[in-house]
Amino acid sequence: MIYVIAGSGTASASPALDGERFALGTESVLWLSACDGLTADAGLDGMDLMVAETTGPAGQGRRDEVAGAGQRGVLGGRPPGLAPRRAFAAAELPHLASTRDTRDRLDLVTENVPVGARAIRADRIIYHPGDTAAAHYHTDCHHVFCVLAGSGLLYVGEEAHRLNAGDSALVSPGEVHWGENDRQEEFSFVEFWAPPPSQTVWTVAGDRCTWAPAN
């Protein structure tokens, strides 16, 4: 999965199938099947990418390089080479709003995005100043946070951890956690679950996070 944090450009898998290329813009997603490489060309405004991938056997990992304007980034992998499945523009992805506060969510890989993913789930969340999440835990998955912008608090059990742009954090199955934006700027991140949670337990009676389609 390729998520465009900012900027624009194009991408194709290699070996290419009939020269197929995908246009990418800010907050678009490119979903890949197994492939031996990906070529990305940034536009004049550059292109900042986040890459999430499964790992292969030892010695067959992949490397990633983020390209600037007019440069090229390559993800080297292992054969066989299959073309990317689909690119989603930001407007095609489900956009949701929290019914609990003012948080904003864009689904990247969920049951609402038809890519057939079974081992991963992901979305982009924005916490506006003062937003918080309800305390909860997942029974059977790891929860990873990759901060895009701003600064906020991740509570895990009784401890608060400051997260800033560029930071990542991992919450293990069974660990109670929630987030808070205690600053006067937006706090945004991409969160991943591996595998997708089969059960989320809300630990404060009557307090849970629910979402509705954004206007």
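## A tour of the strands and cores

Begin by selecting arginine 105, which stands opposite isoleucine 125 of strand β9. What you have open is a predicted model, and the pair you have just picked sits where β8 and β9 run antiparallel and are joined over five bridges.

**The whole chain**

Before going further, colour the chain by secondary structure: the protein has zero helices and 18 strands. Of its 215 residues, 42% count as buried, and the surface that the protein exposes comes to about 10700 Å², with carbon and sulfur atoms supplying 51% of it. If you list the contacts between residues at least 6 apart in sequence, 70% of them join residues at least 24 apart.

**Strand β9 and the open sheet**

Now select residues 121–127, which make up strand β9, and display the side chains; seven of the seven residues are buried. Arg121, Asp123, Ile125 and Tyr127 point one way from the strand, whereas Ala122, Arg124 and Ile126 point the other way, and all of these are buried. Besides its pairing with β8, β9 is joined to β16 by seven bridges, again in the antiparallel sense. Two positions are convenient for checking the register here: aspartate 123 has glutamate 191 of β16 as its bridge partner, and tyrosine 127 stands opposite phenylalanine 187 in β16.

Widen the selection to the open sheet of seven strands, whose order is β14-β11-β16-β9-β8-β7-β18 and whose pairing is antiparallel. At the edges stand β14 (168–171) and β18 (211–213), and because each has a single partner strand, one side of each is left without a neighbour in the sheet. Looking from one strand to the next, you will find a twist that averages 30°.

**The nonpolar cores**

Which residues touch the most other members of the largest nonpolar core? Select Met1, Tyr3, Leu93, Leu108 and Phe192, which hold that place among the 17 residues of the core. Strands β3 (29–31), β8 (104–109) and β16 (187–194) each supply at least two residues of this core, and the largest share, three residues, comes from β8.

Centre the view on phenylalanine 192 and show its surroundings. Leaving aside neighbours within four places in sequence, phenylalanine 192 is in contact with ten residues' worth of surroundings that include Met1, Met50, Ala52, Ile120, His142 and Cys146. A second, separate core of 14 residues can be picked up next, with Phe145, Val147, Val171 and Phe189 among its members.

Then move to leucine 30, which lies in strand β3. Leucine 30 counts as buried because its relative accessibility is 0%. Although leucine 30 and isoleucine 2 are 28 residues apart along the chain, their C-alpha atoms are separated by 5.0 Å.

**Strand β12 and its two partners**

Select residues 151–156 next. Six of the six residues of this strand, β12, are buried, so the strand is largely enclosed by the rest of the structure. Both of its faces are covered, with Ser151, Leu153 and Tyr155 on one side and Gly152, Leu154 and Val156 on the other.

Add residues 159–164, strand β13, which runs antiparallel to β12 and is joined to it by six bridges; within this pairing, leucine 154 has histidine 161 as its bridge partner. The hairpin of β12 and β13 has two residues between the strands, and in it glycine 157 takes a positive phi near 65°. Then add residues 177–180, strand β15, which is antiparallel to β12 and joined to it by four bridges, with leucine 153 and glutamate 180 as bridge partners.

**Aromatic rings**

Finish with the rings, where the count comes to five aromatic pairs. Tyrosine 155 and tryptophan 178 form a stacked pair, with 4.8 Å from centre to centre and 10° between the planes. This pair links distant parts of the chain, since tyrosine 155 is in strand β12 and tryptophan 178 in strand β15, 23 residues apart. Tyrosine 155 is buried at a relative accessible area of 17%, whereas tryptophan 178, at 24%, is partly exposed.

The rings of phenylalanine 187 and phenylalanine 189 have centres 5.4 Å apart and planes at 55°, so this pair is tilted; both residues are buried. Select Tyr127 and Phe145 together with them, and you have one aromatic cluster on screen.

Note on methods. Residues numbered from 1 in each chain as written. Predicted model: local features only at pLDDT ≥ 70, side-chain atom pairs only at ≥ 80, totals over all residues. Heavy atoms only, no water. Core = buried A, V, L, I, M, F, W, Y, C linked by side-chain atoms within 4.5 Å. Buried < 20%, exposed > 50% of the residue type's maximum accessible area, 1.4 Å probe, protein only. Contact = heavy atoms within 4.5 Å. Pairing = 2+ DSSP bridges. Areas by Shrake-Rupley, 256 points an atom, 1.4 Å probe, with all protein chains shown as cover. Axes fitted to C-alpha atoms, helices over the stretch in contact; angles between N-to-C directions. Phe/Tyr/Trp six-rings, centres within 6.5 Å; stacked < 30°, edge-to-face > 60°.
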